[in-house]
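Trainee: I'm new to this one and would like a close look at a single part. Please pick a spot, start there, and take me slowly through what surrounds it.

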Amino acid sequence: MATNKFHSWNDWRDMARKKVPKFVFDFIDGGAGNEAALNRNIDLFKQISMVPRVLKNNSHKKITINILGNQCGFPIAIAPTGLNGLIKPRGDQLIAQAAAANNIPFILSTAANCSIEQIISKTGVCPWIQLYVINKAGVLKLVEKIREKGCEILVITIDVPVSGNRLRDLKNGFKMPLRPNFSLIADCLNRPQWSIARMMDKPLSFPLLESDSSFKAKADRLFSRNFDSLSWNDITRIRDQWPGKLILKGILHPDDAVEAVRIGLDGVVISNHGGRQLENTVTPLEMLPSIVSVVKNKLAVFLDGGVRSGEDILKAIALGADSVLVGRLPLYGLAAGGESGVSEVISMLETEMTNSMALLGCNSLEDVRKIMIVNRCPSISFN
Ligand SMILES: Cc1cc2nc3c(=O)[nH]c(=O)nc-3n(C[C@H](O)[C@H](O)[C@H](O)COP(=O)(O)O)c2cc1C
């Protein structure tokens, strides 16, 4: 890739916009309703400022982290995202390869278009698996199947009892299965390279779901989400069955974090699904300090939503997160430049993070946790 064109996440986003049809870009980039939560996720990071220390000899920076038994190059993981195959053929595999090359975890979505076997055979690494409990009766069978493949970390997403009201998708007429209409076809013709690649590739499939149902049946189940009967008892049942690490993704309330500790979970992802669900939800950054204060050291705390730079990663760590997840950033990289695009986005974040540590006078993530913060957001409170 022509790296000299890409200096920040916005450069990757701009290039992604040029490479894929509008309906695909909007699917990646958009949020629920008027996108208040999506925008606040990003804006709130700007309300936190860090106070540098000087002359601390920070020439021996250590940024690796061991999280849930996984040694990671630096404290990020790739968030689960569905339909990566729509962005680029074998999209999940390309992101997983970039993640493995950069020594960070990749979480494969239930709505992935590549199989677990494909990811393992191409990367030599078992992905973390994200589960939507769309079929309560069959979930334990699915969990067993995942276990047989050798996966050790399961992430259950619980903030999608119903689908978010994504206005851009509605306006574009985008839903799965895709039903071509005049404007979608015109949109595809505007991006011939993307269209040819899509036509040359196999039709999209959802290999994590049972093989005996049709694509339409699977897509209906995944995208017309109606999983609102899920309860803590269901998560406890999975906990009892799953011997590996279990993470709950999509909590925002401290009491839910306490409940996660009570039923023996290993981690939580504080997340509002990247602002794609509830239009006016609080942001994960706002809730991070109060959640950390009630579950500190009892489970791993991840944060996602709005992380766009190395400095954002440091701010999340300083406010108590163990690690962050990034959702849209690798997708912009994938759309803009395939596997090398994703890899460059990850490297950009790592470089930004280490340079910022140098500017802050930090040698380690422990130092980052001690930096002085000036907080201009009244809804974020911490000691
Ligand atoms: C295109 C797209 C698809 C997503 N699909 C899933 C999914 O299948 N499962 C899931 O748990 N979260 C999904 N998410 C949410 C992400 O895992 C993550 O929570 C969110 O993107 C984080 O916000 P960020 O994009 O600001 O980093 C998706 C997000 C995007 C942008």
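Mentor: Let's start at G361, which comes just after helix α16 and takes a positive phi of about 80°. Keep in mind that you're looking at a predicted model. From G361, step back into the helix itself.

Helix α16 covers residues 328–360. How far would a straight helix of 33 residues span? At 1.5 Å a residue, you'd get 48 Å. Yet the end C-alpha atoms of α16 are only 27 Å apart. Now look at G337, where α16 bends by about 140°. As for its surroundings, 24 of the 33 residues of α16 are buried, so the helix is largely enclosed by the rest of the structure.

For contrast, turn to α14, the helix at residues 284–295. Its 12 residues should span 16 Å at 1.5 Å a residue, and the end C-alpha atoms sit 15 Å apart, which agrees. α14 is mostly covered too, with 9 of its 12 residues buried. Among those buried residues are P284, L285, E286 and V295. Just after α14 you'll find N297, with a positive phi of about 65°.

Back to α16, this time by way of the ligand. How many residues surround the ligand? There are 23, and the closest are P80, S109, T157, D304 and G306. Sorted by class, that shell holds 7 nonpolar, 11 polar and 5 charged residues.

Some of the side chains around the ligand are worth picking out one by one. Q130 has a polar side-chain atom 3.2 Å from a nitrogen atom of the ligand. H273 also puts a polar side-chain atom by a ligand nitrogen, at 3.4 Å. With R308, the partner is an oxygen atom of the ligand, 2.9 Å from an N or O atom in the R308 side chain. How much of the ligand does the protein bury? On its own the ligand exposes 610 Å², and the protein buries 98% of that. This is where our helix returns: the elements that give two or more residues to the shell around the ligand are α2 (22–29) and α16.

Let's stay with H273 for a moment. You'll find H273 in the loop between β9 (267–270) and α14, the helix we just used for contrast. Is H273 buried or exposed? Buried: its relative accessibility is 13%, and the cut-off for buried is under 20%. The backbone of H273 deserves a glance as well, since phi there is near 60°, a positive value in a residue other than glycine.

Another residue with a backbone like that is L83, which has a positive phi of about 65° although it is not a glycine. L83 lies in the loop between β4 and α4, and at 0% relative accessibility it counts as buried. T81 is found in that loop too, with β4 at 76–78 and α4 at 84–87. T81 counts as buried at 16% relative accessibility, and its side chain makes a polar contact of 2.8 Å with the side chain of N84.

One more backbone feature while we're at it: M176 and P177 are joined by a cis peptide bond, with omega about -10°. P177 sits in the loop between α8 (167–172) and α9 (182–189).

To finish, go back to G361 and its positive phi, then move along to helix α17, residues 365–369, where E366 has its place. E366 counts as partly exposed, at 45% relative accessibility. Try tracing from E366 to I317: the two are 49 residues apart in sequence, but their C-alpha atoms are 9.0 Å apart in space. Then try N233 and W194, which are 39 residues apart along the chain and have C-alpha atoms separated by 44 Å. N233 lies in helix α12 (residues 232–241), and it is exposed, with a relative accessible area of 59%.

Key:
Residues are numbered from 1 along each chain as its sequence is written. This is a predicted model: local features need pLDDT of at least 70, side-chain atom pairs count only at pLDDT 80 or more; totals for chains, interfaces and linings use all residues. Side-chain values use heavy atoms; hydrogens and water are left out. Helices (H or I, at least four residues) and strands (E, at least two) are DSSP runs, numbered from the N terminus. The expected span of a helix is 1.5 Å times one less than its number of residues. The bend at a residue is the angle between axes fitted to the seven residues ending there and the seven starting there. Buried means under 20% relative accessible area, exposed over 50%, partly exposed in between (1.4 Å probe, protein chains only). A residue is near a molecule or strand if one of its heavy atoms lies within 4 Å of it. A polar contact is a pair of N or O atoms within 3.5 Å; within protein, one must be able to donate a hydrogen and the other to accept it, and residues adjacent in sequence count only if both atoms are side-chain atoms. Accessible areas come from the Shrake-Rupley method with a 1.4 Å probe; for residues, only the protein chains shown count as cover. Ala, Val, Leu, Ile, Met, Phe, Trp, Tyr, Cys and Pro count as nonpolar, Asp, Glu, Lys and Arg as charged, and the others, Gly among them, as polar.
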